[in-house]
Each structure stands twice: as C-alpha cells, then as structure tokens.
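Hi,

Here is the structure I promised to pass on. Have a look at it first, and my notes follow underneath.

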Amino acid sequence: MLSCSQSLQESCLDYKHSIYQSTLAAIILNHHQNNIQVQMPTASGKTWVQGLLACYWIQQGKKVVIIVPDQILKLQTQKFLQPLGIQLQIETIENFYKQKKTYDIMIIDEFDHITWKYPYYYHEGKMYGVWDLGLTRSYMFSATCDQGILRVLAQVCIQPKVLKFKSEYEILNDLSQDQGGDIIVCANADERLQKIKKEIEECGHSVPLIIFCNGYDMDMVKGMVEQIGQLKVRVSISQTTLEEIQSWQNGVLILDKDESYGYNTRFRVDAQVLIACDIDSESQYLQMRGRSSRNMGALQSKYFPITILPKQQILHKMKQISIEKLDKLEQLVGLIYKKRFNKVLLEAVSDAKKENEVIASLEDLKQLIGTGAFQKLAQGIKP
C-alpha cells in the first residue's frame, strides 16, 4: 500500500504522499468483512484513501466503482482521481440504482448523506435501495457514523464493521471534533443578520467566508454582502463555483444547509464558517463546520444556532431531532425492504416521485394510500 501511494504521488501533482493515509487504507483492507463503514473527519483525506483502495483492487483484476451522492461530487471526484490513470468507474447513487451494473467492489462516499437522501429509489416498476449496496464487498465512507444509521442498515440485512479514524492533524495536535469552535446564540432573525454583518465587516477581507442559511434568507444575506462592498460573492454550489473559489484569498460563499455534505470548498486559505440556519442533526453540524479547514482535517469555526438555549441543550436538541427522524426512516426502510414487490407500495412511491414528493415516514405513506390499504401493507411489520 505504501508503494501504491508513492506511485500515485508521481501521477498527480495535487497529491502529497502520506504514510498516515496509506496506513489507514492498509488497515481497512486487512478487515475482510463484506461491508465496512469508515468514519473519517472532513478534510482528512477520505478521497485519497478511497483512491488507494480502488488502485489495490483494480490491480487484483476487480471491477471497482466509487458511488457519490450527486453529479457535482461525481465531477469533483473524477477531477481528483482521473490523473491516476486507473480503470475506475465513478457514479452517482441515482444512476447506480438505474443502471444496475455488476461490480466486484463498491466504494461509497458520504454514505450517511446517501442513506438520508436515497434510502430507497423507484425506477421502471422496481424498488431499489440501500440494501443493494450490501450485496457485494463495500466500503462505506462518511464523516460521521450515527448509531441510527447502523440501525437502519440492520433493518435491510447490512451489518457493517465500523472503523473510526481521526485525521492526521488531530492526532498530531491532540484535537477532537468538539474543539476549536465558539458558540454564539442568536435569539431572533434580526440579531442573526446583525451578527453575520459584523463578522463580514471584521474578517471578510482577510479570509473567505462560508455562510449557511435557510433558503428563504439567502437573497437577503447576498444583498447585505453586496452592500458592504468590495467582496466577491457566490450563491449555491456548482462546478464552476468550486473551481473559481480555489483562487480566493477572501470572498463570501452563501450556501443552503443541504449543500454542506462532501463538497470540496478548497479556498487558498482556510475559511470562516457562519452557520445561520436551523440544524437537524449533530452530523449536519459537523459537516458544516468541516467546510472551513480543508487543509487540516480539523474544525476551527464559529457556530450560530438559531435558538436561545445553552450549548448543551442545543446539542441535546439536535440529537433528539436526529433520533426522531432516524426512527421514522428505520421503520419506513424496513417496511419498503420487506414489501418492495407489493403493487400498492410501488404505485404509491411512483405517484410520489411524479409529484416530486418525498415519502419520509410511515405516516406519509399512510396519508398517501389511506388507512385501510396501509394496515394491509404494514401487516406483520413491527411499528
């Protein structure tokens, strides 16, 4: 694995050989379970560890795919790994479900986000889902490893071996993911906007800023940044934006909270992150904070929750929201997995997809098909 890593360095100028990342790849390879979930912090080198695993298995004559949540992450990963010259397929989770190609090895990036966003997928009269990811050897990478996600997987016959790693920077500096961030409580929208404005005025010209907003606040925040003047500003993630900000010494990137997962916000220097939106889970919180220090794999940013609660109550509230959502997801995925050939269920999911609706809980499904049909469908399924 060390020699493989050193040879990659010669192929790609963006890559600096790391004994630490090579060691992590070797540790992962030495676990022979069929499904392995790997937790590594944002910016700790997940993509290169994935590249090392892919290179190893391709050299063994295996057909390998890296699965990502969306098209932008596909393009980003292709750009990063293409110089290696290996016969590697990179595919979005949606296309994976649609195409149903056969692979020997699956490497899945941002697995927690994929589980949240695509726990099941309807295509051409059939139901696909996260259970398809456990049918062959798979390495499931994510920045967090929620116990609720593992329960969801257990419902659909996947019980992965879990490996948790710190980044090299965290180990060398004796850091944890909870260190380095201030908590600033914002009681209302006006106070929140004033804090954003003050932060832009104080450090907007010295470092790049990433501001996470609720969707309805984005135009307002953009207008405020433009009024302050003399700052580059971009709204939302695109491939063009990700390429442009690599040259930024300063400037403001305004994102929706759903744009916190996986994207390589790779500025010339580490960014300051302002979180000015409702947060559904501790996982999402860590993903947002992790956009700041792409070079270090450590979290050093400020946290602006919209609440008047103390820090510990804020974290407790996020955990409770996450547990509630995962409970609903666990029940729904369990039912869909066990009844995925049921005609009523297939029609319901198909109709919801046509209307761009998301069935996120058993209650959503009951409302869609009616109480009587739901009781028949859910017969024998634990609530």
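**Cysteines and the overall picture**

Cys213 is buried, at a relative accessible area of just 1%. Cys55 is buried too, with a value of 4%. In case you were going to ask about cross-links: a disulfide is a covalent bond between the sulfur atoms of two cysteines, and the structure holds zero of them. Before you read on, do keep in mind that this is a predicted model.

Now the broad numbers. The protein has 383 residues, and 54% of them count as buried. Its secondary structure comes to 16 helices and twelve strands. If you take the contacts between residues at least 6 apart in sequence, 74% of them join residues at least 24 apart.

**Two helix pairs**

Two packed helices are described by the angle between their axes and the distance between the axes, and I have both values for two pairs.

The first pair is α2 (residues 19-29) with α3 (residues 46-59). These helices pack at an angle of about 55°, and their axes are 9 Å apart. Since the oblique class takes in angles between 35 and 65 degrees, α2 is oblique to α3. The crossing of the two is right-handed. On the α2 side, the contact is made by Gln21, Ser22, Leu24, Ala25, Ile28 and Leu29. On the α3 side, the residues are Trp48, Val49, Leu52, Leu53, Tyr56 and Trp57. Sorted by class, that contact has ten nonpolar residues, two polar ones and no charged ones. If the spacing of those numbers looks familiar, here is the reason: an α-helix has 3.6 residues a turn, so residues three or four places apart point the same way.

The other pair is α9 (residues 189-203) with α10 (residues 218-228). Here the packing angle is about 35°, with 11 Å between the axes. The crossing of α9 and α10 is right-handed. From α9, the residues Leu193, Ile196, Lys197, Ile200 and Glu201 meet Met220, Val221, Met224, Val225 and Ile228 of α10. This contact divides into eight nonpolar residues, no polar ones and two charged ones.

Just past that pair there is a residue to click on. Gln230 lies in the loop between α10 and β10 (233-235). Is Gln230 buried or exposed? Its relative accessible area is 75%, and with exposed meaning over 50%, Gln230 counts as exposed. From C-alpha to C-alpha, Gln230 is 9.7 Å from Gly204, and the two are 26 residues apart in sequence.

**An enclosed helix**

How many of the eight residues of α12 (residues 282-289) are buried? Seven are, so the helix is largely enclosed by the rest of the structure. The buried ones are Ser283, Gln284, Tyr285, Leu286, Gln287, Met288 and Arg289.

**Two more glutamines**

Gln39 sits in strand β1 (residues 35-39). With a relative accessibility of 18%, Gln39 counts as buried, because the cut-off for buried is under 20%. Setting aside neighbours within four places in sequence, Gln39 is in contact with Ser142, Ala143, Thr144, Cys145, Leu163, Lys164 and Phe165.

Gln320 has its place in helix α13 (residues 311-338). At 40% relative accessibility, Gln320 counts as partly exposed. Its C-alpha is 9.2 Å from that of Asp280, and 40 residues separate Gln320 and Asp280 in sequence.

**Backbone oddities**

Most residues other than glycine have a negative phi, so here are two to check if you look at torsions.

Glu110 is not a glycine, yet its phi is positive, near 50°. Glu110 is found in the loop between β4 (105-108) and α6 (111-117), and Glu110 is buried, at 3% relative accessible area.

Asn356 has a positive phi of about 55°, although it is not a glycine either. Where is Asn356 found? Asn356 is in the loop between α14 (343-354) and α15 (362-369). With a relative accessible area of 72%, Asn356 is exposed, whereas Glu110 is buried.

Cheers

Technical notes:
Residues are numbered from 1 along each chain as its sequence is written. This is a predicted model: local features need pLDDT of at least 70, side-chain atom pairs count only at pLDDT 80 or more; totals for chains, interfaces and linings use all residues. Side-chain values use heavy atoms; hydrogens and water are left out. Axes are lines fitted to C-alpha atoms, for helices over the stretch in contact, and angles run from 0 to 180 degrees between N-to-C directions. Helices (H or I, at least four residues) and strands (E, at least two) are DSSP runs, numbered from the N terminus. Angles under 35 degrees count as roughly parallel, over 145 as roughly antiparallel, 65 to 115 as roughly perpendicular and the rest as oblique. A crossing is left-handed if the near helix is turned anticlockwise from the far one by less than a right angle, and right-handed if clockwise. Contact means heavy atoms within 4.5 Å. Ala, Val, Leu, Ile, Met, Phe, Trp, Tyr, Cys and Pro count as nonpolar, Asp, Glu, Lys and Arg as charged, and the others, Gly among them, as polar. A disulfide is a pair of cysteine sulfur atoms within 2.5 Å. Buried means under 20% relative accessible area, exposed over 50%, partly exposed in between (1.4 Å probe, protein chains only).
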